[in-house]
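Please walk me through this protein model. I work at the bench and want the packing and the charge pairs explained.

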Amino acid sequence: MERRELGIFYTPSEATRILCNWAIRTPLDLVLEPSFGACGFLEASRSRLDELANTNPAENLFGCDIDPRAFSEFLIPKFDGYNLASRFKNKDFLSITPAEFPVQAFDAIIGNPPYVSHHHIPVLRKKSLADLMAVDINLDSKSSLWAYFILHSLKFLKVGGRIAWILPSSFLHADYSYAIRQRIANCFERTLIIQLGQRLFASEGTEESTAVLLAEGWKGHPSSGFARVDFAATLLDLERTIGRWQLGEAVGSEYDRRLGHALMPQEAVRAVEFIEQTHLVRKLGSVADVLIGLVTGANDFFVINEEIAKQWGLGESCLRPILSKASLFDGIKITTLDLRKASENNVRCLLLNTKNIRSEDLPVRVYLWSFPEDRKFANCTFGKRAIWHQSDDGRIPHAFFPYVLQHGPRLILNVAKTTCTNSVHRVFFRDNVSPAEMRAAAISVLSTYSQLSAEVEGRTYGVGALKLEPSEAKRMGLIMPTKLTIQEVNSTFKQIDRLLSVGKAHEATRIADAFVMGRGASNKKILGALRQALQGCRTRRYESTKTCQATGGAIN
């Protein structure tokens, strides 16, 4: 099996050393690595036990891996001469019970579990995994494979034992992760989660960011407890944070469901609370619905430019202007003229529209026939539609919401009456929201308060980007001013749109802040705290880009 299919990413030696030095405390500690792969954690564990004066450290190590190459290429060459058969299992860890090892409980469980998303777990395997977990916890069906590894490993732990895991960032933000974090926090004496800025697996060709989970004092049963969360830009910072925590310092903050909120300075927390008590604050989801854009199933085929249209003889009757990339437009509105200019620049912003296709429309039919049959039948999206090439649902959103961002979000009003691909979210305001309130919402999204709210609700994606799924975008807060005239709203909207179009985003935010909060001197301190917190959130995101570059990782 391929490493990618198994979700295997080999952990850098410096990271394995840091975690093993924390988790292994005495020369007698028994250590389990449930998915040992290239043996990085096992080698670091052997070194740590050797430092602690264990004269035969390999005898204290146990492990499991489903991949035969983990044995032939790594374990046997690196631990040659030791009796491995009884202590290392070439099996799926999730199918193993503690009774299959010579010892049934371990002092430390350490590792880097497989990063396999729920999309790539077969249906029957999902059912068997759900049955495996049902006694302890009902995991969401969208849980990735690593989640089952974490929970199953707890069955192998001694009372008082420790776990040290390197996990994907979804542990910090995925909805299904909340139940896992709660269980761990409630079943251990102390729990620390560290968001790591440095990309550990950049050399493996992935942009997956990392969370480090440390927990000590396994109680064997749930009781009240909480986790703390902190941020470390580099592995050196990670080691320092772990060292301070091991000395009993209360590093980081108590973790609620929102990572950005937990890492926010208390002054900013108080500023947010003050705003929410003194201003009309609404969630975007209370005034609008946020949905993904059109899923064509093959944007490269269905979203074309004028050059391709001319090449195939496709006329205006079968083409519809569409917003394919929000990055093409800088303002907070999109017009027909904007789309026309993009089309004239040969941008792919024309959606093939076959709903009114006629028998004599031969160019359209020839173009559709050019789509490879094998690709057509392998496409799951096509199989869900009555007519495979018709993706447009006919719904015209009031606005668009870019959801993968290097800076902060924008709400782009849909003056062009067009639609968008799924690279952008669609926003449908409630029936009771007036056009002036829509413009006020677009202005508010640019305010420091809303930009910070987006950082709190969203997640880091790729190398330093902010990503907001529809549910996260709907939780973003908006300050809706109550004493402004329609004329004031319209003039501010035009001013901000003009500033953004010439690259003056900071000035646009300053005007948005004054629009939603007023210009009183009392707001300066509040805004100062919010701006500092916003900069801190963005710095944490950008740190991943810096550290990825420093370690030679790919930047896309």
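Is Asp497 buried or exposed? Asp497 is buried, because its relative accessible area is 10% and the cut-off for buried is under 20%. Keep in mind that this is a predicted model.

Start with confidence. The mean pLDDT of the protein is 87. Of its residues, 87% reach 70 or more. Two stretches fall below 50. One covers residues 3-7, where the model still shows 19 contacts beyond near neighbours in sequence. The other covers residues 547-556, and this stretch also has 19 contacts beyond near neighbours in sequence.

Now return to Asp497. Its side chain meets that of Lys333 in a salt bridge, at 2.6 Å from N to O. Asp497 belongs to helix 22, while Lys333 sits in strand 14, residues 333-334. The two are 164 residues apart in sequence, so the pair ties together distant parts of the chain. The partners differ in exposure. Asp497 is buried at 10%, whereas Lys333 is partly exposed at 30% relative accessibility.

Helix 22 has another neighbour. Helix 19, residues 435-445, comes within 9 Å of helix 22, axis to axis. The two axes cross at roughly 45°. That angle is neither under 35 degrees nor in the range 65 to 115, and helix 19 and helix 22 are therefore oblique to each other. The crossing is left-handed. Which residues meet there? Helix 19 brings Ala436, Arg439, Ala440, Ala442 and Ile443. Helix 22 answers with Ile486, Val489, Asn490, Thr492, Phe493 and Ile496.

Look next at the approach to helix 22. Thr485 is found in the loop between strand 23 (477-479) and helix 22 (486-501). Thr485 counts as partly exposed, because its relative accessibility is 41%. Its C-alpha atom lies 9.0 Å from that of Ala436, a residue 49 positions away along the chain. Ala436 is one of the helix 19 residues that meet helix 22.

A second helix pair packs at another angle. Helix 2 (residues 13-23) and helix 9 (residues 235-246) have axes 10 Å apart, at an angle of about 5°. That makes helix 2 roughly parallel to helix 9. From helix 2, the contact uses Glu14, Ala15, Arg17, Ile18, Leu19 and Trp22. From helix 9, it uses Leu235, Leu238, Glu239, Ile242, Trp245 and Gln246.

Charge pairs come next. Side chains of opposite charge can pair when their charged atoms come close. How many salt bridges does the model hold? The count comes to 26. Lys91 and Glu100 form one of them, with the closest N and O atoms 2.8 Å apart. Lys91 is partly exposed, with a relative accessible area of 34%. Glu100 counts as partly exposed too, at 28%.

The pair of Glu469 and Lys467 is another salt bridge, at 3.2 Å from N to O. Here the exposure is mixed. Glu469 is partly exposed at 24%, while Lys467 counts as buried at 15%. Shared partners also build a network: salt bridges join Glu14, Arg17 and Glu239 into one. Glu14 and Arg17 are among the helix 2 residues in the contact with helix 9, and Glu239 is one of the residues on the helix 9 side.

Technical notes
Residues numbered from 1 in each chain as written. Predicted model: local features only at pLDDT ≥ 70, side-chain atom pairs only at ≥ 80, totals over all residues. Heavy atoms only, no water. pLDDT = per-residue confidence, 0-100. Contact = heavy atoms within 4.5 Å. Helix = DSSP H or I, 4+ residues; strand = E, 2+ residues; numbered from the N terminus. Buried < 20%, exposed > 50% of the residue type's maximum accessible area, 1.4 Å probe, protein only. Salt bridge = Lys/Arg side-chain N within 4 Å of Asp/Glu carboxyl O. Axes fitted to C-alpha atoms, helices over the stretch in contact; angles between N-to-C directions. Parallel < 35°, antiparallel > 145°, perpendicular 65-115°, else oblique. Left-handed = near helix turned anticlockwise from the far one by under 90°.
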